Amino acid sequence: MKKYTSILLIMFALSTLTFAQVNEKVVNTQLKEVTVSLNGASLKRTASVNLSAGVNTLKVIGLSATMDEASLQFGLDNSDTKILSVSTYKDFISNSKKSKTISLLNDSLENLKLKKEILLLDIEANKIEKQLLTDNISRIGKDGVSVTELQSTVPYYRSQLKQIHEKQISQITSLNALDNIINKINTQLNALNSKVNTETYTVTLTVESKQDVKSNLVLMYVSKSAAWLPQYNIRTKGAGSPIVFDYKATVVNKTGEDWENVVLKITTADPSKLVAKPILEVWGLNYSSKYNSGSNVFKEGLLNNRQMMQNSAISDNIKGKANEFTEIEVNEVSTEFSIKDKTTILSDGTPQTIDVTNYEFTAQYQYYCVPKIDKDVFLMGKITNWESMNLIDGDASVYIDNIYVGKSQIDTKTANDTLELFLGIDKKVIVNRVKKKDESEKKMIGLNKKESFIYHTSIRNTNNMAINIEVVDQVPISQESDIEVTINDISKASKDDLSGKLTWNLTIQPAETQKLVLDFSVKFPRNKSLNLFRSRKLYCPTYM
């Protein structure tokens with residue numbers, strides 16, 4: 001009886017094991033959607049699975065080794081199914097996935113090696129041909145060849161040897177070129193393979209189904225090994241024209257997974273919001289905050305800095321050294337952009353720039369010049385209602401009339417109702433500032449010394465339209481009781497008594513020249529030394 005009982009138990013165990021094996025399924029998911037943030041990415045994968053009635057074990061394989069396990073989310077679209085348990089582990093054995101870049105390089109390497117083998121065989125055949133020709137030449141005199149035959153034979157052999165030598169030179173050149181390319185590809189492959197994660201995540205799901213059913217599985221998780229940064233192109237045809245913003249994103253993917261033909265989204269949200277609760281800090285109002293720029297405009301307090309750094313910590317393989325961090329301030333209300341076309345971004349760490357969106361705005365143009373420091377005139381564009389663009393601080397390339405004029409900076413921290421953009425130098429506005437030496441003078445008045453300074457500044461507009469220009473200069477401010485500054489003429493400039501800053505806001509018609517006069521004097525004790533000329537420092541290379 002005990003013998004039969006043991007047999008029945010063994011049969012039951014075997015049947016249970018067989019049942020479990022039948023219902024265990026390996027699931028290969030497809031990456032469908034990626035949402036890239038400034039410090040990570042949220043990846044969405046899908047698969048269609050056939051579930052049997054009862055308990056099913058689903059092994060989802062090949063997931064990124066950079067996945068944040070705590071961020072894993074699953075869903076099945078059938079109400080007759082229920083996920084009972086989830087477990088994850090890193091698989092160091094079964095991973096055979098390689099980056100598409102690595103696969104392409106390996107294919108190129110194999111083709112090049114095949115070309116090299118063919119070339120080496122051709123070189124060997126050329127050597128044999130040369131040897132045969134040489135052997136025939138050595139027998140010419142031994143076979144009793146006549147002078148007439150010799151005269152006709154020698155040019156033939158000379159021509160053949162010349163062709164063989166030319167072919168040898170060409171073959172050696174080609175061989176060296178092939179070796180050079182092969183070495184470069186091997187170097188690149190070594191660098192890429194050293195960065196490839198040799199492991200992947202496998203996730204095991206235990207799913208209960210009330211009946212045999214086909215269900216769609218959705219899987220989402222976060223990886224910190226990705227990021228994007230904003231870049232802008234600013235385009236205008238010049239003063240009086242609208243300003244066009246080309247909003248771009250430079251994306252880096254080092255997740256270990258190639259994003260092939262995916263729906264791509266760009267967001268300013270923190271992907272860790274899936275796994276970390278937000279903490280609301282005190283909203284303090286004050287006038288001393290560095291973000292107020294000395295104005296009476298207040299902004300809301302920032303989130304706790306330590307919390308932000310913890311939540312947005314980027315793994316070592318994306319951020320590199322700590323001093324490579326770039327701190328970006330974004331609006332606390334996150335913004336998301338959907339890229340119009342499906343996108344492919346390989347996991348090789350190569351920055352890839354994609355178009356996000358573009359805006360067109362009517363702008364007010366203002367010219368700006370500080371001729372005491374720089375005679376160039378800078379064109380500025382002022383945009384109102386810029387908040388609707390959801391801009392982030394970043395670099396901008398400026399184009400005027402389709403000509404690249406230089407780099408600018410989008411700085412939203414100091415912008416209030418109006419965003420100011422520096423759009424480069426306008427050479428059609430000519431400014432000249434000269435000191436009138438014949439009118440400036442030095443005098444001794446009793447125990448004092450008096451120095452007079454007279455500067456003439458001319459501004460000429462050679463544009464075909466009127467311009468508004470702000471010209472800035474200054475007069476010195478006395479910081480000692482025995483130093484006296486007397487202002488004689490500032491051409492109706494607006495003067496800041498605290499800083500000595502002078503500002504002229506002028507409208508200059510086409511082909512018109514306006515002149516400004518700056519006339520002041522400084523009196524101080526003759527027995528004291530006073531440096532009345534300001535200088536600036538330059539760091540120059542030394543070649544000696």
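1. Let me start with the surface. The protein exposes about 33,800 Å², and carbon and sulfur atoms supply 52% of that area. Please keep in mind as you read on that this is a predicted model.

2. Now the overall make-up. The protein has five helices and 27 strands. Of its 544 residues, 36% are buried. Take the contacts between residues at least 6 apart in sequence: 79% of them join residues at least 24 apart.

3. One sheet is worth tracing on your screen. Six strands form an open sheet in the order S19-S16-S15-S23-S26-S25, and the pairing is mixed. Strand S19 (418-425) and strand S25 (494-495) are at the edges with a single partner strand each, so one side of each has no neighbour in the sheet. The partner of S19 is a good place to zoom in: strand S16 (residues 374-384) pairs with S19 in the antiparallel sense, over six bridges. Within this pairing, Met380 stands opposite Phe422 in S19.

4. Next, a residue with several partners: Arg433, which is part of strand S20 (residues 429-435). Is Arg433 buried or exposed? Its relative accessible area is 16%, and because the cut-off for buried is under 20%, Arg433 counts as buried. Its side chain makes a polar contact of 2.9 Å with the side chain of Asp473. The charged end of Arg433 also sits over the ring of Tyr455, 4.0 Å from the ring centre. Asp473 and Tyr455 both appear among the residues in contact with Arg433 once neighbours within four places in sequence are set aside; the others are Pro371, Lys372, Lys375, His456, Thr457 and Leu518.

5. A second arginine is placed over a ring as well. Arg235 lies over the face of Tyr399, at 4.4 Å from the ring centre.

6. On to the helical part, with Gln171 as the example. Gln171 is found in helix H3 (residues 147-195). Its relative accessibility is 4%, so Gln171 counts as buried. Which side chain does Gln171 meet in a polar contact of 3.3 Å? The partner is the side chain of Asp122. Asp122 is also one of the residues that Gln171 touches when those up to four places away in sequence are not counted, along with Leu119, Ile123 and Asn126.

7. Finally, the aromatic rings. A search of the whole structure finds six aromatic pairs. The rings of Phe453 and Phe520 are stacked, because their planes are at 20 degrees and their centres are 5.2 Å apart. Phe453 belongs to strand S22 (residues 448-461) and Phe520 to strand S27 (residues 513-525), so the pair ties together parts that are 67 residues apart in sequence. What about burial for these two rings? Phe453 is buried, at 3% relative accessibility, and Phe520 is buried too, with a relative accessible area of 7%.

8. One more item for the aromatic list: Tyr232, Phe245, Tyr247 and Phe337 form one aromatic cluster. If you would like a short set of views to open, I would pick the Arg433 side chain with Asp473, the ring of Tyr455 under the charged end of Arg433, and the stacked rings of Phe453 and Phe520.

Conventions. Residues numbered from 1 in each chain as written. Predicted model: local features only at pLDDT ≥ 70, side-chain atom pairs only at ≥ 80, totals over all residues. Heavy atoms only, no water. Helix = DSSP H or I, 4+ residues; strand = E, 2+ residues; numbered from the N terminus. Buried < 20%, exposed > 50% of the residue type's maximum accessible area, 1.4 Å probe, protein only. Polar contact = N/O pair within 3.5 Å; in protein donor to acceptor, adjacent residues only side chain to side chain. Contact = heavy atoms within 4.5 Å. Pairing = 2+ DSSP bridges. Areas by Shrake-Rupley, 256 points an atom, 1.4 Å probe, with all protein chains shown as cover. Phe/Tyr/Trp six-rings, centres within 6.5 Å; stacked < 30°, edge-to-face > 60°. Lys NZ or Arg CZ within 6 Å of the ring centre and 35° of its normal.
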